[in-house]
Amino acid sequence: MQMADKPYKFPDSSGHFGPYGGVFVAETLIPALDELNAAYDACRNNPAFMAEFEYELKHYVGRPSPIYHARRWSDLLGGAQIYLKREDLNHTGAHKVNNCIGQALVARYMGKPRIIAETGAGQHGVASATVAARYGMECVVYMGSEDIRRQAANVYRMKLLGATVVPVESGSKTLKDALNEAMRDWVTNIHNTFYIIGTVAGPHPYPMMVRDFQAVIGNECLVQMPEMTGRQPDYVIACVGGGSNAMGIFHPYIDVPGVRLVGVEAAGEGMDTGRHAASLTAGTPGVLHGNRTYLLQDEDGQIIETHSISAGLDYPGVGPEHAWLKDSARAEYVGVTDQEALKAFHDLCHLEGIIPALESSHALAYAAKLAPNLPKDKILLVNLSGRGDKDMHTVAEKSGIQF
Amino acid sequence: MSRIQSVFQRLQASGRRALIPFITAGDPDPELTVPLMHALVESGANIIELGVPFSDPMADGPTIQRASGRALAKGMSLRKVLDLVRTFRAEDGDTPVVLMGYANPIEAMGPDRFVAAASDAGVDGVLVVDYPPAECEAFAAVAKAAGIDPIFLLAPTSTEQRFDDVAKIGSGYIYYVSLKGVTGSGALDFNDVAARLPQIRARVGMPVGVGFGIRDAESARRIGEVADAVVIGSRIIEELENSPREQAVANVKAFLRNIRTALDQIEGAPR
Ligand SMILES: Cc1ncc(COP(=O)(O)O)c(C=O)c1O
């Protein structure tokens with residue numbers, strides 16, 4: 001399970017994680033990405049920039065987020081102890097805001113007054129709209145019309161925050177199409193626009209930059225877990241859509257021996273039905289959205305439509321660093337179905353008084369599968385990436401309830 | 001000398017510009033593609049850019065997105081595009097065909113297998129929108145070795161370093177994207193193009209074609225005064241979309257003839 005003993009140092013200078021990652025975009029974007037690369041490099045090596053980022057995370061987001069021992073749930077499951085990293089308690093209700101603050105500060109450094117974003121569940125759109133309001137920037141959010149239907153409350157939140165939400169009608173009308181449309185906007189408005197990508201995907205330097213901003217999650221855990229339990233966890237478990245909450249909690253643990261990293265993908269209606277979004281488990285390598293990674297595609301290399309009950313996991317690709325962690329066996333990836341995620345959602349509501357996001361419920365469901373088979377002194381750390389208020393409608397619909 | 005190089009040599013000798021229409025293979029349906037290609041040649045096309053449809057055409061505007069969608073709905077695939085080229089080649093041994101598309105269908109076939117199959121089908125050039133030079137040195141070398149010109153884009157945002165990067169591994173011609181934006185966008189900045197083209201041509205040592213945003217005889221003529229080739233895509237696809245099926249080919253021919261005439265009125269070499 002352990003990788004070579006030298007410290008983990010990816011990506012390389014051209015943005016590759018082994019064969020994955022890179023810069024696969026049209027020429028017009030190349031100079032913009034070079035410019036971003038240089039700007040991000042200057043920012044992360046600038047103590048004043050990093051101090052401001054940390055200040056904002058503390059006073060605006062409410063970090064550090066606590067870790068909570070889900071004792072009743074663990075007791076009921078009868079095995080390993082489950083601890084939750086409470087990203088749901090962040091301002092705006094998910095981990096997404098960590099990255100948005102970082103990128104908005106880079107945008108400000110670059111003098112770009114307009115930000116654009118893509119969103120699936122709406123969490124990244126809300127976080128982008130929030131930081132745009134906070135820093136006085138114009139904000140345009142692209143969102144698939146199918147997701148607009150599923151996430152009406154978040155659409156309204158974005159509008160309240162002053163953002164323009166643009167419905168995307170192309171392709172499957174979900175997250176991947178929103179990303180295509182945001183890229184088209186960016187290529188047209190490069191001179192004044194900063195594209196805040198919401199996950200560890202896209203062309204270099206995005207996968208690295210988003211990971212770095214989200215790594216605050218894992219870095220806090222490295223300190224908090226020994227304080228609470230006297231040691232580091234045996235497993236770190238996170239859901240994987242594009243992979244940002246997972247990368248954020250995994251990355252600081254990569255060089256820590258004995259910690260198993262498990263990414264949980266959406267198995268939708270079941271892996272064998274073909275209606276899922278499990279790119280790492282069921283996909284093959286290819287090139288999409290600026291990087292080489294695992295993709296759900298047909299034999300001809302056309303991207304296929306995905307399915308998940310959670311809009312935030314409904315994406316046919318995955319961040320390239322996860323592809324690399326899979327191939328190098330430093331992390332393992334599993335699938336959890338819509339039904340399993342729903343059960344974990346309800347269990348957490350009833351037993352712990354926490355309403356989790358449907359995305360996060362996938363990670364919870366895997367922990368619930370794993371815990372009973374492990375001794376009581378084992379520790380599972382689950383990234384509770386967001387709160388479930390946005391999912392009320394979806395869950396109610398599944399239970400046959402109407403508001 | 002490649003078919004593409006000899007086309008440019010012949011045209012340059014007579015002071016003419018290359019006319020390069022773009023159509024999406026399989027749009028509006030696969031049976032129409034080869035007849036349409038022949039019709040393009042009859043109306044004055046010198047090189048044909050044939051779009052390989054992709055599910056996620058990130059660099060394309062709504063018109064070419066729709067074309068791609070229609071073609072995929074009719075079952076078009078990279079393999080079938082190559083079959084269409086082979087059929088075209090059986091009757092036309094002279095007109096170069098350049099495939100234009102995205103990386104993933106090529107990755108799925110395997111770049112080496114793709115190059116072999118494309119060369120066998122009679123493809124002359126490939127332009128992979130999301131394969132910038134740094135990510136496709138090996139692919140470009142394999143293509144060149146098989147007699148296929150790897151064609152690269154330059155944009156208004158490109159630096160002189162980029163001119164050198166594409167000159168090093170590209171061949172055939174350079175495709176200058178005339179505006180910041182996606183295919184089919186509106187505002188074409190003639191002054192920018194006129195200012196940039198001589199620099200680029202001097203630096204890359206290859207003919208330079210200009211595309212994105214050329215919609216009529218007037219814009220084609222103005223671009224033709226400074227470029228070696230004029231590429232027209234979205235406007236032809238709109239012609240196909242807006243014509244009754246039995247008239248589509250005739251309408252495209254009439255449109256393209258008009259462009260050809262305008263280009264042929266230009267006197268002398270590109271400025
Ligand atoms: C709460 C929550 N968790 C997870 C995700 C999935 O994204 P990622 O895999 O980048 O963390 C989303 C995306 O919208 C989300 O809102």
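1. In this predicted model, A:Tyr8 is found in the segment that precedes strand β1 (16-17) of chain A. The residue has a relative accessibility of 11% and therefore counts as buried, the limit being under 20%. A:Tyr8 is also a point where remote parts of the sequence come together: A:Tyr8 and A:Ile254 are separated by 246 residues in sequence, yet their C-alpha atoms are 7.1 Å apart in space.

2. The UniProt record, in an unreviewed entry, lists a domain named "Tryptophan synthase beta chain-like PALP" for residues 62-384 of chain A. Over that range, helix accounts for 42% of the chain and strand for 21%. The C-alpha atoms at the two ends of the range are 16 Å apart.

3. An unreviewed UniProt entry also places the feature "modified residue: N6-(pyridoxal phosphate)lysine" at A:Lys96. This annotation comes from the record and may be inferred rather than shown by experiment. In the model, A:Lys96 belongs to helix α4 of chain A, which covers residues 96-110. Its relative accessibility is 18%, so A:Lys96 counts as buried.

4. Which residues surround A:Lys96, leaving aside its neighbours within four places in sequence? The contacts of A:Lys96 are A:Gln123, A:His124, A:Ala127, A:Gly198, A:Thr199, A:Gln214 and A:Ser244.

5. Turning to salt bridges, the structure holds 47 of them over all chains. One of them joins the side chains of A:Lys85 and A:Glu220, at 2.6 Å from N to O. A:Lys85 is in strand β4 (residues 81-86) of chain A and A:Glu220 is in helix α10 (residues 216-229) of chain A, so this bridge ties together parts that lie 135 residues apart in sequence. With 0% relative accessibility, A:Lys85 counts as buried. A:Glu220 is buried as well, at a relative accessible area of 12%.

6. In chain B, the side chains of B:Asp120 and B:Arg86 meet in a salt bridge of 3.0 Å, N to O. This pair links distant parts of the chain, with B:Asp120 in helix α6 (residues 111-121) and B:Arg86 in helix α4 (residues 78-91), 34 residues apart. Is B:Asp120 buried or exposed? At 55% relative accessibility, B:Asp120 counts as exposed, whereas B:Arg86, with a relative accessible area of 37%, is partly exposed.

7. Another salt bridge of chain B is formed by the side chains of B:Arg221 and B:Glu225, at 3.1 Å from N to O. B:Arg221 has a relative accessibility of 25% and counts as partly exposed. B:Glu225, at 26%, also counts as partly exposed.

8. Salt bridges also link several residues of chain A in a network, which consists of A:Asp41, A:Arg44, A:Arg211, A:Asp212 and A:Glu321.

9. The aromatic residues deserve a separate point. Over all chains, a search of the whole structure finds 14 aromatic pairs. In one of them, the ring centres of A:Phe24 and B:Tyr131 are 6.2 Å apart and the ring planes are at 50°, so the pair is tilted. This pair crosses between chains: A:Phe24 is in strand β2 (residues 20-24) of chain A, and B:Tyr131 is in the loop between β4 (125-128) and α7 (137-145) of chain B. Both A:Phe24 and B:Tyr131 are buried. Together with B:Phe114 and B:Phe139, A:Phe24 and B:Tyr131 form one aromatic cluster.

10. A:Tyr195 and A:Tyr206 form a further tilted aromatic pair, with 6.2 Å from centre to centre and 55° between the planes. A:Tyr195 lies in strand β8 (residues 193-195) of chain A and A:Tyr206 in helix α9 (residues 206-214) of chain A, so the pair ties together parts that are eleven residues apart in sequence. A:Tyr195 and A:Tyr206 are both buried.

11. The last point concerns the surface. A:Tyr156, A:Leu160 and A:Leu161 make a nonpolar surface patch of about 320 Å². Of these residues, A:Tyr156 lies in helix α7 (residues 152-160) of chain A. A:Tyr156 has a relative accessibility of 53% and so counts as exposed, the limit being over 50%.

Terms used:
Residues numbered from 1 in each chain as written. Chains lettered and ligands numbered in written order. Predicted model: local features only at pLDDT ≥ 70, side-chain atom pairs only at ≥ 80, totals over all residues. Heavy atoms only, no water. Helix = DSSP H or I, 4+ residues; strand = E, 2+ residues; numbered from the N terminus. Buried < 20%, exposed > 50% of the residue type's maximum accessible area, 1.4 Å probe, protein only. Contact = heavy atoms within 4.5 Å. Patch = residues over 30% accessible without salt bridge, like charges linked within 9 Å, V, L, I, M, F, W, Y side chains within 5 Å. Areas by Shrake-Rupley, 256 points an atom, 1.4 Å probe, with all protein chains shown as cover. Salt bridge = Lys/Arg side-chain N within 4 Å of Asp/Glu carboxyl O. Phe/Tyr/Trp six-rings, centres within 6.5 Å; stacked < 30°, edge-to-face > 60°.
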